[in-house]
Amino acid sequence: MRVICSNEGIVSNFELLELLRQRTREPGISPRYPQPHDPFPTELQCYDALENTLAGCQDRSRLSNLLVAFESIGLTSAECLNLMNLKPTCNVEMYLIIDAYEERLALEEVEDLLRVIAELA
């Protein structure tokens with residue numbers, strides 16, 4: 001495997017699972033690039049682990065809508081990634097994910113954000 005561009009950006013669990021689906025030749029998924037060899041055992045283990053998480057039931061359109069909702073709040077890309085991957089359900093989990101939580105977000109914004117995450121993630 002060749003590194004085409006290092007430090008291109010961050011990858012969500014869903015995006016990694018999509019890539020691993022291509023590598024494992026899951027039926028109905030065709031690879032976007034040539035597959036020089038069979039998947040490594042670590043790739044298969046990662047695939048199995050991610051398939052049993054929230055990433056296994058997410059889809060691209062819902063995550064795109066979620067990112068649009070995050071733009072209005074002014075979250076960092078790392079915070080958006082953690083919100084997509086972890087899908088917090090209460091204020092305490094939001095507090096752990098968002099830096100300077102109390103200073104940056106009002107209580108109404110947090111409740112709206114939790115509602116949007118529950119609907120879209």
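## Overall fold

Two residues are in contact when they have heavy atoms within 4.5 Å of each other. In this predicted model, among contacts in the protein chain between residues at least 6 apart in sequence, 52% join residues at least 24 apart.

The protein chain contains seven helices and zero strands, and its pattern along the sequence reads α-α-α-α-α-α-α. The chain has 121 residues, of which 32% count as buried. About 8100 Å² of the protein chain is exposed, and carbon and sulfur atoms supply 54% of that area.

## Nonpolar cores

In soluble globular proteins, nonpolar side chains tend to be buried together. Here the largest nonpolar core has 19 residues, and those with the most contacts inside it are Phe70, Leu83, Met94, Ile98 and Leu113. Helices α3, α4, α5 and α7 each supply at least two residues of this core. The largest share, five residues, comes from α7.

Leucine 113 shows how parts of the chain meet. Leaving aside residues up to four places away in sequence, leucine 113 touches Phe70, Ile73, Leu75, Leu83, Met94 and Ile98. Another core lies apart from the largest one; it has five residues, among them Leu17, Leu20, Tyr47 and Ala55.

## Helix α1 and phenylalanine 14

Phenylalanine 14 lies in helix α1. Its relative accessible area is 4%, below the 20% limit, so phenylalanine 14 counts as buried.

Not counting residues up to four places away in sequence, phenylalanine 14 touches Ala55, Gln58, Asp59, Arg60 and Leu63. For one of these, glutamine 58, the C-alpha atom is separated from that of phenylalanine 14 by 6.8 Å, although the two residues are 44 residues apart along the chain.

## The two sides of helix α2

Helix α2 spans residues 41-51, and its buried residues are Glu43, Tyr47 and Leu50. They lie on the same side of α2 because they cover an arc of only 75° around the axis. An α-helix has 3.6 residues a turn, so residues three or four places apart point the same way.

Pro41, Thr42 and Gln45 are exposed on the other side of α2. The cover over the buried residues of α2 includes α1, residues 13-23. Tyr47 is also one of the residues of the five-residue core.

## Salt bridges between helices

Side chains of opposite charge can pair when their charged atoms come close. The model has five salt bridges. In one of them, the side chains of arginine 60 and glutamate 18 meet with an N to O distance of 2.3 Å. Arginine 60 is in helix α3 (residues 60-71) and glutamate 18 is in helix α1, so this pair ties together parts that are 42 residues apart in sequence. Arginine 60 has 39% relative accessibility and therefore counts as partly exposed. Arginine 60 is also among the residues touched by phenylalanine 14.

A salt bridge also joins glutamate 79 and arginine 104, whose closest N and O atoms are 2.7 Å apart. Because glutamate 79 lies in helix α4 (residues 77-86) and arginine 104 in helix α6 (residues 101-104), the pair ties together parts that are 25 residues apart in sequence. Glutamate 79 counts as buried, at 4% relative accessibility, whereas arginine 104 counts as partly exposed, at 32%.

## Salt bridges in helix α7

Glutamate 119 forms a salt bridge with arginine 115, with 3.5 Å between the closest N and O atoms. Both residues lie in helix α7 (residues 107-120), four residues apart, which is about one turn of the helix. Glutamate 119 is partly exposed, with a relative accessible area of 45%. Arginine 115 is partly exposed too, with a relative accessible area of 43%.

These two residues belong to a network of salt bridges that links Asp112, Arg115 and Glu119. Helix α7 also supplies five residues to the largest nonpolar core.

## A nonpolar surface patch

Val92, Tyr95 and Leu96 make a nonpolar patch of about 360 Å² on the surface. Tyrosine 95 is found in helix α5, which covers residues 91-97. The relative accessible area of tyrosine 95 is 48%, so tyrosine 95 is partly exposed. Helix α5 is also one of the helices that each supply at least two residues of the largest core.

Methods. Residues numbered from 1 in each chain as written. Predicted model: local features only at pLDDT ≥ 70, side-chain atom pairs only at ≥ 80, totals over all residues. Heavy atoms only, no water. Patch = residues over 30% accessible without salt bridge, like charges linked within 9 Å, V, L, I, M, F, W, Y side chains within 5 Å. Areas by Shrake-Rupley, 256 points an atom, 1.4 Å probe, with all protein chains shown as cover. Salt bridge = Lys/Arg side-chain N within 4 Å of Asp/Glu carboxyl O. Buried < 20%, exposed > 50% of the residue type's maximum accessible area, 1.4 Å probe, protein only. Arc of directions from axis to C-beta. Core = buried A, V, L, I, M, F, W, Y, C linked by side-chain atoms within 4.5 Å.
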